[in-house]
Amino acid sequence: MSPPSATTTETNVHSVNGSQKPSAAAVHEPGLSEEEASVKMPKFPGPPKFDDKYKEREYLKGRLAAAFRIFGNFGFDEGVAGHITLRDPVDPTTFWVNPFGVAFSLIKSSDLIQIDHKGQIIAGGPVRLLNSAAYMIHAAIHEARPDVVCAAHSHSIYGRSFCSLGRKLDTINQDACAFHDDHVLYESFNGIVLAEKEGKDIAACLGKKKAALLQNHGLLTVGETVEAAVFWFMSLDKCCHAQLLADAAASGRGEKPIVVGDEEAKFTYKTIGTPVAGWFSAKPTFDVLHRETNGDYLN
């Protein structure tokens, strides 16, 4: 699919003394008039729709398997830590997750295991091992957030580094605007999450947001699609990296990074921080994975 810049033919102009002149104002700038904002972002496409829930399940399991391959490619694996879950469209009280101990980069659709609300494995691949922490965190999130189809958590290097600072991200660039007023800090660390209460505490802290910084632990993102949850995780880890670099560079000069204004950040969020924007932003990464693996993850 061609990028918007390759398919848009309109010109951003404004009227000066009755004549049309090119405008130097950015088309996303808050306060632009209808006339000035003549170049608009195209409407994003969306994920496929299914009438058959069983066909939807198979499709989504393929997307979940792809998500693990992507996490492996990005180095988000750390031994056996990390998990991504998918709410089952056939039985929404259950979810699919990676079998404990299987490498992200090897996971196939047929390897995934299905977990019920009691934490029991009821279906899935040959490795029937469940990471207890995966169940405690994700079961609580899926129960508290009916809108969440997918939740992702892993110990990425920049995410866990930034989470040691005990603070939220500043909105210091355009990409960070996707998380403006849409992420939380979970200010507790009690070791590996093996207790139901802590899972529920994390879900309560997350509230209606798309992401959480788990202090001394790592990142957690959720989405209405597998793709959105995966993209929010990738982007959030990069935002943590950018924040660490910017803070280090600024502190060396006795300064602080410049923060995007609240109005501008909220305006930008409407374009890049929505569920469909998350889905669409992940599409190229999923497409590349499919080409590079010849769809091996679908087996």
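**Cores, salt bridges and exposure in a predicted model**

Author: In this predicted model, the largest nonpolar core holds 42 residues, and the members that touch the most others are Phe 71, Ile 84, Val 230 and Phe 286. At least two residues of this core come from each of helix 2 (53-73), strand 3 (83-87), strand 7 (150-154), strand 9 (211-214), helix 6 (226-251) and helix 8 (275-293).

Reader: Which element gives the most to this core?

Author: Helix 6 does, with eleven residues.

Reader: What makes Phe 71 and Ile 84 members of a nonpolar core?

Author: Membership requires a residue of a listed type, Phe and Ile among them, that is buried and joined to others through side-chain atoms within 4.5 Å. Phe 71 and Ile 84 belong to the core, so both are buried, which here stands for a relative accessible area under 20%.

Reader: Which residues does Ile 84 touch, leaving aside those up to four places away in sequence?

Author: Ile 84 touches Leu 64, Ala 67, Phe 68, Phe 71, Trp 96, Val 97, Asn 98, His 138, Cys 150, Ala 151 and Ala 152. Apart from the largest core lies another core, of 14 residues, including Ala 151, Val 184, Ala 203 and Leu 214.

Reader: How many residues does the chain have, and what share of them is buried?

Author: The chain has 299 residues, and 44% of them are buried. Its secondary structure consists of eight helices and ten strands. Among the contacts with a separation of 6 or more, 67% join residues 24 or more positions apart.

Reader: Why is the pair of Lys 200 and Glu 143 called a salt bridge?

Author: The closest N and O atoms of Lys 200 and Glu 143 are 3.5 Å apart. The cut-off for a side-chain nitrogen of Lys or Arg and a carboxyl oxygen of Asp or Glu is within 4 Å, so the pair qualifies. Lys 200 lies in helix 5 (residues 196-206) and Glu 143 in helix 3 (residues 132-144), so the bridge ties together parts that are 57 residues apart in sequence. Side chains of opposite charge can pair when their charged atoms come close.

Reader: Why is Glu 143 called exposed, whereas Lys 200 is called partly exposed?

Author: Glu 143 has a relative accessible area of 59%, and exposed means over 50%. Lys 200 stands at 38%, and the class of partly exposed covers values between 20% and 50%. Each label therefore follows from the value.

Reader: How do you know that Glu 196 and Lys 200 also form a salt bridge?

Author: The N to O distance between Glu 196 and Lys 200 is 3.9 Å, so the pair meets the condition of within 4 Å. Both residues lie in helix 5, four residues apart, or about one turn of the helix. Glu 196, with a relative accessible area of 52%, is exposed.

Reader: What makes Lys 266 and Asp 262 a salt bridge, and how far apart are they along the helix?

Author: Their N to O distance is 3.1 Å, which is therefore within the 4 Å cut-off. The two residues are four apart in helix 7 (residues 262-272), so about one helical turn separates them. Lys 266, at 42%, and Asp 262, at 39%, are partly exposed. Elsewhere, Arg 69, Lys 108 and Asp 296 are joined into one network by salt bridges that share partners. The whole structure has 16 salt bridges.

Reader: What is the space in the second largest pocket, and which residues lie nearest its centre?

Author: The space is about 350 Å³. The lining has 18 residues, and Pro 48, Glu 56, Leu 60, Val 149 and Glu 224 lie nearest the centre. Helix 2 and helix 6 are the elements that give two or more residues to this lining, and helix 2 gives the largest share, four residues.

Reader: How is that lining divided by class?

Author: The lining of the second largest pocket has nine nonpolar, one polar and eight charged residues. Pro 48 lies in the lining and counts as nonpolar because Pro is on the nonpolar list, whereas Glu is on the charged list.

Reader: What makes the backbone of Asn 216 and of Asn 294 worth listing?

Author: Phi of Asn 216 is near 60°, a positive value in a residue other than glycine. Asn 294, which is not a glycine, has a positive phi of about 55°. Asn 216 is found in the loop between strand 9 and strand 10 (218-223), and Asn 294 in the segment after helix 8.

Reader: Why is Asn 294 called exposed, and Asn 216 partly exposed?

Author: Asn 294 has a relative accessible area of 70%, so it passes the limit of over 50%. Asn 216, at 43%, falls between 20% and 50% and is therefore partly exposed.

Notes. Residues are numbered from 1 along each chain as its sequence is written. This is a predicted model: local features need pLDDT of at least 70, side-chain atom pairs count only at pLDDT 80 or more; totals for chains, interfaces and linings use all residues. Side-chain values use heavy atoms; hydrogens and water are left out. Buried means under 20% relative accessible area, exposed over 50%, partly exposed in between (1.4 Å probe, protein chains only). Contact means heavy atoms within 4.5 Å. On a 1 Å grid over the protein atoms alone, a cavity is a set of points where a 1.4 Å probe fits but cannot get out, and a pocket is an open set with protein on both sides within 12 Å along at least five of seven lines; lining residues have an atom within 4 Å of a point. Grid points are joined across faces, edges and corners, and a volume is the space filled by probe spheres set on the points.
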